[in-house]
Amino acid sequence: MPEMITMNKPVDTPQTVGPEDHRTGLRKEALKRAFLDSLFYMQGKFPALATKRDYYLALAYVVRDRLLQRWVSTAAAYTEQRSRTVAYLSAEFLIGPHLGNNLVNLGIYAEVQQAITELGLDFDGLLQEEDEPGLGNGGLGRLAACFLDSMATLEIPAMGYGIRYEYGIFEQEIIDGWQVERTDKWLRYGTPWDVARPEWAVEVKLGGHTERWTDEHGRLHVRWLPERVVMGVPYDTPVLGYHNNTANTLRLWRAEAAESFDFAVFNRGDYYGAVNHKVVSENLTKVLYPNDEAIKGKELRLEQQYFFVSCSLQDMLRIMRGQRIPIERFHEKFAVQLNDTHPAIAVPELMRLLVDDHGVAWDEAWSITRRTFGYTNHTLMPEALECWPLHMLARLLPRHLEIICEINARFLDEVRLRFWGDDQRIARLSLIDESGERYVRMAHLACVGSHAINGVAELHSELLKQDVLRDFHALWPEKFRNKTNGVTPRRWIALSNPRLSALISDAIGEDWITHLDELKRLEPLAQDRGFGERWRHVKRANKDEFAVFVRQRTGIAVDPQSMFDVQVKRIHEYKRQHLNILHVIAEYIRLKSGARGDRSPRTFIFGGKAAPAYMFAKLIIKLINAVGEVLERDREARNHLRVVFLPNYNVSSGQRVYPAADLSEQISTAGKEASGTGNMKFSLNGALTIGTLDGANIEIRDEVGAENFFLFGLTAPEVASVKARGYRPMERYLANPVLREAIDLIGSGFFSHGDPALFRPLVDNLLHSDPYLVLADFELYEACQDDVTQAYRDTERWTRMAILNAARCGKFSSDRTIRQYCDDIWKVDPVPIRLLSHDDVKSGFLQ
C-alpha cells in the first residue's frame, strides 16, 4: 500500500540525508523528505488543509531547488570565464509545462514518481495541475523553446530574451462549433519557476522628440527627450540541460510604471489618475500579440517589440560592465540572434545605445552592430514581413527613425556604387517603402544590420534567395545560410512518449536522447517481427490513452482501432485544413452511396487556433466541427468516420497527440511553409506523413525514403506556373465530380442545419479565388489518400514504414541545428559546469 501523508508519522529517511542532500539530493528518500518540508515551509500547509495545487507547488519547489544549484553554478562559471554568450531574442517562447521536463533532464523522473506514489498522491494528477505558459502562438515560439533546451544540453552559454506576457495566447473554447477566445490567466496563481530580479530593472523611453547639441570638440550629439518612461523588470527562469550541470536563463521582461502611485493626485480626489501611469505602463506586456487591426493595436505591438529588445540590450551592457569588458568588444561577448523580424528594431536600438549613450563613433558602432546580429527568417508570406508606418515610428520612436534613415542613406550609397543606374533595384532594397504610405521594412533592416541571414529549411532558404530576399542575396551572397529546424527529443520523445522511449532504449541504449542519429540503429529491427509487435503494442497503448483524453476533452468516444489521421497546427488557409475536411466530406459521400468499400475506419483529428480577427480561419474551424457533428449524428457513418476538433491545442495537448498519431497531415501549399516542426515530431514518434514538397517535408522524405512518405501535390515551381498562367478554380470544380459533390453539399446547407449562407464565403472563395490551390491539389490528394488506405491494411508493412520513419529522422534534432549555428554563425564553444557546493558558497563570503 502507498504510504499516506500524515504529520504524526515520521518519514523513513536515512541518517545520511543531511542539509545539502535535503536541498540538492536526487535519491528517493531525500526527495520525499524535501517534498514534505516544502509543503510545510513553502506552502504553509499540512495535509488536512493541502489542496492538489499545494502538492504541485511543493513538488515544484523541490525540483526548483535542484535547478538553482545548477543555475547558480552556471552563472558563476560564465561570469568567471567571461564566456562568449548567445542572446536569443524572440517575441515568443512557447516553453510548455516545466515540471515533467525538468524531472526528465535532472534524471529523477522515476524517483520522484515513486516517492509521490508512496506518499499516496496521484503523480500524473500533480503534473496536470501546472498552468501552461501560453507565451507563443505556434512554431516560432516552440522552436525557441527547443533551442533553449538544446543549448543547455550542449553546454552552450546562452540567454533567451523575451516578454513576460501577463496573458498569453488566448484559451480556445468551441461553442456551437465556433472558436471563442477566453483570457489565458496562466499567472493567476503565480508560478514557481521564475525569479523576479527588480534590482536589474531598466528604463525604456517612448515618444517625445530629439534635440541636437554640439560639444566643445565640435562633435554633434543627439539627446532623446521621451514623452514617457516605463520600467522593464526581468523575471528569470532556469532552462536545464539533459543530465548535465548547465542551467541557462530565459529572461522575460515585465513592464511597470516608473512611479506606480501619484500620492498628490490621489489627495486631490483623482483616484483613477493616481494609478493611471501604472495601468498604461503595464498594458505594454499584458497580452501576447494584441489585435492589430486598429491603429492602437499596431502601436502596442511596436511598443512591445521595442520594449523587450531595449531591455535586453541594456541588460547585455550591464553584464559587460559587471565582467569589465570594454563596450567596443560587445560583438565578441554576445552573438545576438533575431528570431524573425519581431526583434529587428534591435538594430537601431544598439546603434542608439552605442552612439548616443556611450559616445561610440558611428562607423565603429555600425561595425559592432553588424558583427553582433544574426537574422533568422521564418516566413515566405509577404504579409508576415513586418512593416511599420513612418508616422508611427516618428511618434513612438523618433530617435530610431532618425537612425534608420541614416542607416538607409549610407546603405543606398553603397548599393548605387554596386548597381549603378539600377533605380528599381535601389527602390526594392531601400529600408523604406516609398510606394504609397511610407513604411520601414523590418526584414530589410534585419538583413542590412546582420552579418548572417538564414532560412529554416533547404527549400525555404532557396526561396529566400530566389524570391523574398533575392536582391539582398545578389548583394551579399556570403551572408546567406540554411539551418533546418529541429526539435528536442527530450520533451517530444523521452517525456511525451515514455513507452516508445523505453522500447528504443531497450533495443539500442539511451545515447539517442542526446545523439539522435543513434536512431539509425533501429533500421535492422524494422524487419524483426518481434520488435514490430512490441512497436504496435506501444502505439496501441498510446492510442488507448489518447482516446480517454479525447473523451474527457470533447465527449466523443473514438475507436483506438481506427486510423488516427491528425492535423494539428495553427489554422490558416495556406496550411489547408479545408483541403483535409473536403476529403472527409468526399469519404462521407462515398460511404453513404456505398462506394467506400471495406476501407479501414478513420478518426480525423484536428487542433489549432485561429487568430481572433481571422474570420476565414474561424469559418474553417466551424466547418470542421459541423462535419464532425453530422458524422456523430449519423449512426451508420460514425463507426467508419469520425471527426474530432481538440479545443485549446497547446504543448500539453501535443505531448499526447504525437505519440498516438498514425498519419501526419502536412499538406500546406508548396512554397508557403518555411519549415514546420510538427512534421518532425510526428515522424520521430512513428507516424507516417502525407504531404506536399514544402518546408522540411522535403528533407524528411529524403531521409526516410520516398517509399515511406505519401507525397502528393504541385511543387513550388508548379504552383508559380499555375498562377502565372491564370488559375481558374471553377474549371477544377466542374471537371471533378467528387469535388463538385463535396462543395455542393457544403453550399446546400447540409452541414449548417439547412442554412446555405453560413459557409457561402468559404465556397465562394474556393470557386472564384482559391489562393492556396486547394482545388488544384484535391484530385492528387484523394489519390494519395487511397495509397494510405492500401498501406494501412497491411499491418506489418505499415509498422516497418513507421519504424523506418523514426529510425531515419535523427537529423531533425534541435541539437544538430544548434551545433550548426554555433559552428557557422555564432562561433560559440561549450562551457562545462562544475557544481558549486555549500563550501564553495561559504568560501565566497570569506574572500
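Which side chain meets glutamate 118 in a salt bridge? The partner is lysine 32, at 2.7 Å from N to O. Welcome to a short tour of this predicted model, in which a search of the whole structure finds 71 salt bridges. The notes below start with that pair, then turn to strands and helices.

**Salt bridges across the chain**

- The pair of glutamate 118 and lysine 32 links distant parts of the chain, with glutamate 118 in helix α5 (residues 109–118) and lysine 32 in helix α2 (residues 28–41), 86 residues apart.
- The two partners sit in different classes of exposure: glutamate 118 counts as partly exposed at 21% relative accessibility, whereas lysine 32 counts as buried at 2%, because buried means under 20% relative accessible area.
- Arginine 23 and aspartate 65 also meet through their side chains in a salt bridge, at 3.0 Å from N to O.
- This pair, too, links distant parts of the chain: arginine 23 belongs to helix α1 (residues 19–24) and aspartate 65 to helix α3 (residues 52–81), 42 residues apart.
- Arginine 23 has a relative accessible area of 42% and is partly exposed.
- In another salt bridge, the closest N and O atoms of aspartate 194 and arginine 164 are 2.9 Å apart.
- Here the link is between loops: aspartate 194 lies in the one between β4 (178–182) and β5 (195–196), and arginine 164 in the one between β2 (158–163) and β3 (171–175), with 30 residues separating the pair.
- Both ends of this bridge are buried, aspartate 194 at 12% relative accessibility and arginine 164 at 10%.
- Elsewhere, salt bridges with shared partners connect Glu587, Arg590, Arg596, Arg599, Glu782 and Asp786 into one network.

**Strands and their pairing**

- Strand β6 (residues 202–206) shows two faces: Val202, Val204 and Leu206 make up the covered one, while Glu203 and Lys205 are on the uncovered one.
- In a regular strand, side chains alternate between the two faces of the sheet.
- β6 runs antiparallel to strand β9 (residues 228–240), and five bridges join them.
- Within that pairing, valine 204 is opposite valine 230 of β9.
- A three-stranded open sheet has the order β13-β15-β14, paired in antiparallel fashion.
- Its edge strands are β13 (387–389) and β14 (432–433), each of which pairs on one side only.
- Three bridges connect β13 with strand β15 (residues 439–441), and proline 389 stands opposite tyrosine 439 of β15.

**A mostly covered helix**

- Helix α12 (residues 346–357) has 11 of its 12 residues buried.
- Among these buried residues are the charged side chains Glu349, Arg352 and Asp356, along with Leu350, Met351, Leu353 and Leu354.
- Glycine 359 follows α12 and has a positive phi, near 70 degrees.

**Two helices that cross**

- Helix α13 (residues 362–372) packs against helix α15 (residues 398–418) at an angle of about 85 degrees, and their axes are 13 Å apart.
- The two helices are therefore roughly perpendicular to each other, because angles of 65 to 115 degrees count as such.
- On the α13 side, the contact is made by Trp362, Asp363, Trp366 and Arg370.
- On the α15 side, Ile403, Glu406, Ile407, Arg410 and Glu414 take part.
- By type, the residues of this contact divide into four nonpolar and five charged, with no polar ones.

Technical notes. Residues are numbered from 1 along each chain as its sequence is written. This is a predicted model: local features need pLDDT of at least 70, side-chain atom pairs count only at pLDDT 80 or more; totals for chains, interfaces and linings use all residues. Side-chain values use heavy atoms; hydrogens and water are left out. Buried means under 20% relative accessible area, exposed over 50%, partly exposed in between (1.4 Å probe, protein chains only). Helices (H or I, at least four residues) and strands (E, at least two) are DSSP runs, numbered from the N terminus. Two strands pair if DSSP finds at least two bridges between them. A salt bridge is a side-chain nitrogen of Lys or Arg within 4 Å of a carboxyl oxygen of Asp or Glu. Axes are lines fitted to C-alpha atoms, for helices over the stretch in contact, and angles run from 0 to 180 degrees between N-to-C directions. Angles under 35 degrees count as roughly parallel, over 145 as roughly antiparallel, 65 to 115 as roughly perpendicular and the rest as oblique. Contact means heavy atoms within 4.5 Å.
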